[in-house]
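Reader: I should like a close look at a single helix and its surroundings. Please set out how it is placed, what it packs against, and how far the model may be read there.

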Amino acid sequence: MISSAIIEDIKNLQKATSALLAYYYFDFKDIAKRDLRGLLSCLLTQLIDDSDHCWDALSQLYTNCRDGSEQPSEAALGQCLRNMLELPGQAPIYIIVDAVDECPNTTGTPSPREKVLEFLEDLVGWKHPNLHICVTSRPEHDIQSILNPLATGPRRVSLHEEGGQREDIISYVCSFVHKDRTMRRWRAEDKELVISMLSERADGMYVPPLQ
């Protein structure tokens, strides 16, 4: 919900500027949306939709992978993104990564989540002046230990520490459930269940705008 509002704001900004936008939602229920490869592939695909220069960078990756006969590694996908960021005269790029906590932290060494957190750490560390990043997550310890040092002071917003923010979120959820055309036809008890579940999740939401 918070990331959706940010995305809409940036889309409005795009109407007046040449800014580029790419966003990704992790989803533990969707195997294609819970690892680093899915994140990188999605970001690259969105960036080439709005920029011929970004398309050129991806085309070079395609060539390097024997014209698509080989799958690019995660490192190659990450380097392609970096190449896009370093293009001369590149427009401002906004990257939104939502629900990092839905990236699994239980299998593999490193785990899918560890790979994603390492990538985000590198992404911020590149210090590209035209790059703006926002990451959202529930405040799980391993995620905080990586993201907190990257988003200090006013750059870090912890909604679970703000009672007023939680009330605003609950108010928005109630309004949406009762006004949405599809949900208006739901039974009253189903609406209340949705409101209750989303309100509980709102109590732990963590939104660090990294840069």
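Author: The protein chain has an average pLDDT (the predictor's confidence in each residue, from 0 to 100) of 84, and 84% of the residues score at least 70. This is a predicted model, in which local features need pLDDT of at least 70 and side-chain atom pairs count only at pLDDT 80 or more, while totals for chains, interfaces and linings use all residues. Residues are numbered from 1 along each chain as its sequence is written, and side-chain values use heavy atoms, with hydrogens and water left out.

Among the elements of the protein chain, the highest mean pLDDT is that of α4, at 96, and the lowest that of helix α7 (residues 163–179), at 69. Helices (H or I, at least four residues) and strands (E, at least two) are DSSP runs, numbered from the N terminus. Over residues 204–208 the pLDDT falls below 50, yet this stretch has 36 contacts in the model beyond near neighbours in sequence; contact means heavy atoms within 4.5 Å.

The helix chosen here is α2, residues 36–50. Its 15 residues, at 1.5 Å a residue, should span 21 Å, and the end C-alpha atoms lie 22 Å apart, which agrees. The expected span of a helix is taken as 1.5 Å times one less than its number of residues.

The buried residues of α2 are Leu36, Gly38, Leu39, Leu40, Leu43, Leu44, Gln46, Leu47 and Ile48. Buried means under 20% relative accessible area, exposed over 50%, and partly exposed in between (1.4 Å probe, protein chains only). An α-helix has 3.6 residues a turn, so residues three or four places apart point the same way. The buried residues of α2 pack against β1, α3, α4, β2 and α5.

Leu47, in helix α2, is buried because its relative accessible area is 1%. Leaving out residues up to four places away in sequence, Leu47 touches Leu20, Ala22, Cys54, Leu81, Met84 and Ile93. Leu47 and Ile93 are 46 residues apart in sequence, while their C-alpha atoms are 8.6 Å apart in space. For Leu39, with neighbours within four places in sequence set aside, the contacts are Tyr24, Phe26, Val97, Val116 and Phe119.

Leu39 is also among the residues with the most contacts inside the largest nonpolar core, together with Leu81, Val100, Phe119 and Leu123; this core has 38 residues. A nonpolar core is a set of buried Ala, Val, Leu, Ile, Met, Phe, Trp, Tyr and Cys residues joined through side-chain atoms within 4.5 Å. At least two residues of the largest core come from each of β1, α2, α3 (52–64), α4 (74–85), β2 (93–98), α5 (112–125), β3 (131–135) and α6 (141–147). The most is given by α2, with seven residues. Another core, of seven residues, lies apart from it and includes Ile10, Leu21, Tyr94 and Cys134.

Before the helix, Lys33 sits in the loop between β1 (20–25) and α2. Lys33 counts as partly exposed because its relative accessibility is 39%. Apart from neighbours within four places in sequence, Lys33 is in contact with Tyr24, Tyr25, Phe26 and Asp27. Its C-alpha atom is 9.1 Å from that of Glu102, although 69 residues separate Lys33 and Glu102 in sequence.
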